[in-house]
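Please open the model in your viewer and keep the sequence panel beside it, since this tour moves from one selection to the next.

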Number of protein chains: 2
Amino acid sequence: MKISPIQIKLSDSRKEKPNPETLVFGRSFTDHMFTADYEEGKGWHSYRIVPYAPVTLDPAAIVFHYGQTVFEGLKAYRSPDGTVRLFRPEENMKRMNLSLDRLCMPKIDEEMALHALTKLIQIEKDWIPTLNGTSLYIRPFVIANEAFLGVAPAKKYQFFIILSPVGAYYKEGIHPVKILVENEFVRAVKGGTGGAKTAGNYASGLKAQEVAGQRGYSQVLWLDGIERKYVEEVGSMNIFFKIDGEVVTPAINGSILEGITRKSILQLLDYWNIPVAERKISMDEIREAYEAGKLEEIFGTGTAAVISPVGELNWDGYKMIVNGSETGPLAKQLFDTLTNIQTGKEEDPFNWIIELKNELAKLA
Amino acid sequence: MKISPIQIKLSDSRKEKPNPETLVFGRSFTDHMFTADYEEGKGWHSYRIVPYAPVTLDPAAIVFHYGQTVFEGLKAYRSPDGTVRLFRPEENMKRMNLSLDRLCMPKIDEEMALHALTKLIQIEKDWIPTLNGTSLYIRPFVIANEAFLGVAPAKKYQFFIILSPVGAYYKEGIHPVKILVENEFVRAVKGGTGGAKTAGNYASGLKAQEVAGQRGYSQVLWLDGIERKYVEEVGSMNIFFKIDGEVVTPAINGSILEGITRKSILQLLDYWNIPVAERKISMDEIREAYEAGKLEEIFGTGTAAVISPVGELNWDGYKMIVNGSETGPLAKQLFDTLTNIQTGKEEDPFNWIIELKNELAKLA
């Protein structure tokens, strides 16, 4: 493993840490960040951990105009004994490179990024909250920072890793949400950027979310952009249905983001010998299953919430109440198992967890 | 007209102006920029013209992560007598508000924005090149600058107008380009953001452009994302076909950007009594017309190039050579008329031009 040296400049002052009891998502950030620069011909260089500080960009920076930017999201957990756990971070770095390629941006060295992340977390380990349900959210991202108004890939980029202590997604445990099936707006289409974790996919979803919110729904269920028949994602999460004992989730098709929680759930279900399928799922099929009393559970999956059960699905005014608007047993079991593995309360039979105890000691 | 006061802070130093003979597109910027801030509950405020300077943003600024950003592009021309001309700037501000709304961003006051633009151009008028084919490119844009990692519309934004002197798009007059019909990648789909001028649409097009470039084509022809049959845009321009004496362009359908040059050409053709239609156009129709010897001209239209003739269209290996790879008479006539109106060499029967001579005098 070739590791470029990381320059470290520690902050002269330390911010006050937020109260873990009242932590929200994505509002407070730690004292330091990792960053690196890219220039055509020179590659990635100047790896450094520096005090968390504003970014200075020319107003003509390509990221503002043509959206060359990709990101990732993962979490670190800390046990009372001081062990820090990361959940499949190598999967995030791998996916980041797929996203970078789709956006014509230079790939990062995945090992280097993981090393930088580990080093940053070592420095910020006191920022990882330990209260049940809390964690340290990690946001790696790359932006094009060349000042140029031409529509072409930039020749200069900056890579960042920032950290944010976050609270439990569900203050009082997981509870089902109401979802509106989206018929007007489309998140992504085959041939577009839906499979990449890039800004434009999220910007395009805001309007639908706003309209759904006005109607009392917390998120939308995205349908495919071509036939408007097949289920794609829910909000910014992947989606699973339990129908007549079988678990189904939309197959990766180019417009769906391949979630790491999604992938882990597929492995878990397989491990448990629960029948599971990745395939196309139409809204007609969902409705038929519902009418036949066979639609047992629906839940979204993602890093922020882990599992988000769906209690109501509204399709053009036809309301399907799932599992009596209660969290289903499979959603509960998946949530408990995944979060227990993530926090070290349960054994990890898949080698998903990277424990930073030794790594931190070594780096100290 | 209610005009909020604009604070003006002039730069202590002036940059050297680029040589108009060697000007390129979007690389140099003037001494000053206009900017304003938005905060929920407070609205747009702090309108100011300040020295052109870097933007300082929190690394968690929403624009980097979720792509809330929209922009516009237009040009100012200066005659030897000092008259400054703007081409339909009110159309840009109107479209910017449509884009802002699609992205759940706060609308700007269009009159205010036009006033700010005029004021900024007054200060920077010596930056407007006068050499044939040169102009001052104007880039208004709005970015979400709130530091928050939640997927939700920001509560804070910043509006900018920056100016860039640009050279003739075609150094030796207009000449036809080779275009590849894109079958794999999709720019935008109905229900998405294709009708808005927002970063994500441009980011998604880079990959196709890169692949086309490797094959010797300067741009791609985008097809609809649903059936992959109907023509949408060419690169980041609208597209026109002259078939058997009639001019046709794809009708606005939600995934095509409604270009201001496109709109002006439709008016011009109508004024000239040339048959013109806005409707769906399939690649099959284009091929049939070509085989029947009726495909007379193809050209793209946009602010940067005004008119960009297509000399070759490659559809899955089937190469259509248009007008013997020469610029067609209609493309030439449209280019000459539009640029003559824009630069004041020809009368403007449509009231498209805003002359800033008097306005500048009044503001002085």
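In this predicted model, begin by showing polar contacts across the interface of domain 1 of chain A and domain 2 of chain A, where 13 residue pairs are found in polar contact, both residues of each pair being at pLDDT 80 or more. To see which parts of domain 1 of chain A supply this side, select strand E5 (69-71), strand E6 (74-78), strand E7 (84-87) and helix H2 (89-102) of chain A, the elements that each give two or more residues to the side touching domain 2 of chain A. Of these, H2(A) gives the largest share, six residues. If you then colour that side of domain 1 of chain A by residue class, you should find eight nonpolar, six polar and eight charged residues.

Next, colour the two domains themselves: the domain assignment of chain A places domain 1 at 7-168 and domain 2 at 177-343. The contact between them draws 22 residues from domain 1 of chain A and 21 residues from domain 2 of chain A, while their centres, taken over C-alpha atoms, are separated by 27 Å.

Now switch to a surface view. Domain 1 of chain A and domain 2 of chain A bury about 1,800 Å² between them, with 58% of it on carbon and sulfur atoms. Select A:Phe71, A:Phe87 and A:Arg95, the residues of domain 1 of chain A that lose the most area to domain 2 of chain A, and that together account for 33% of what that side buries.

How many salt bridges cross the interface of domain 1 of chain A and domain 2 of chain A? The rule finds one. For a salt bridge within chain A, select A:Lys263 and A:Glu91, whose closest N and O atoms are 2.8 Å apart.

Then bring the second copy into view. Over all chains the structure holds 30 salt bridges, and one to select is the pair A:Lys207 and B:Asp101, whose side chains meet at 3.4 Å, N to O. Because A:Lys207 lies in helix H4 (residues 199-214) of chain A and B:Asp101 in helix H2 (residues 89-102) of chain B, this pair joins two chains.

Finally, superpose the copies: a turn of 180° with a shift of 0.0 Å along the axis lays chain A on chain B with an RMSD of 0.0 Å. The two copies are therefore related as by a two-fold rotation axis. Selecting the interface residues of chain A completes the view, for 100% of them are also interface residues in chain B, so the copies meet through the same surface.

Note on methods: Residues numbered from 1 in each chain as written. Chains lettered and ligands numbered in written order. Predicted model: local features only at pLDDT ≥ 70, side-chain atom pairs only at ≥ 80, totals over all residues. Heavy atoms only, no water. Domains from an automatic or database assignment. Contact = heavy atoms within 4.5 Å. Buried area = accessible area lost by both parts, 1.4 Å probe. Salt bridge = Lys/Arg side-chain N within 4 Å of Asp/Glu carboxyl O. Polar contact = N/O pair within 3.5 Å; in protein donor to acceptor, adjacent residues only side chain to side chain. Helix = DSSP H or I, 4+ residues; strand = E, 2+ residues; numbered from the N terminus. Nonpolar A, V, L, I, M, F, W, Y, C, P; charged D, E, K, R; others polar. Least-squares fit on C-alpha atoms with pLDDT ≥ 70 in both.
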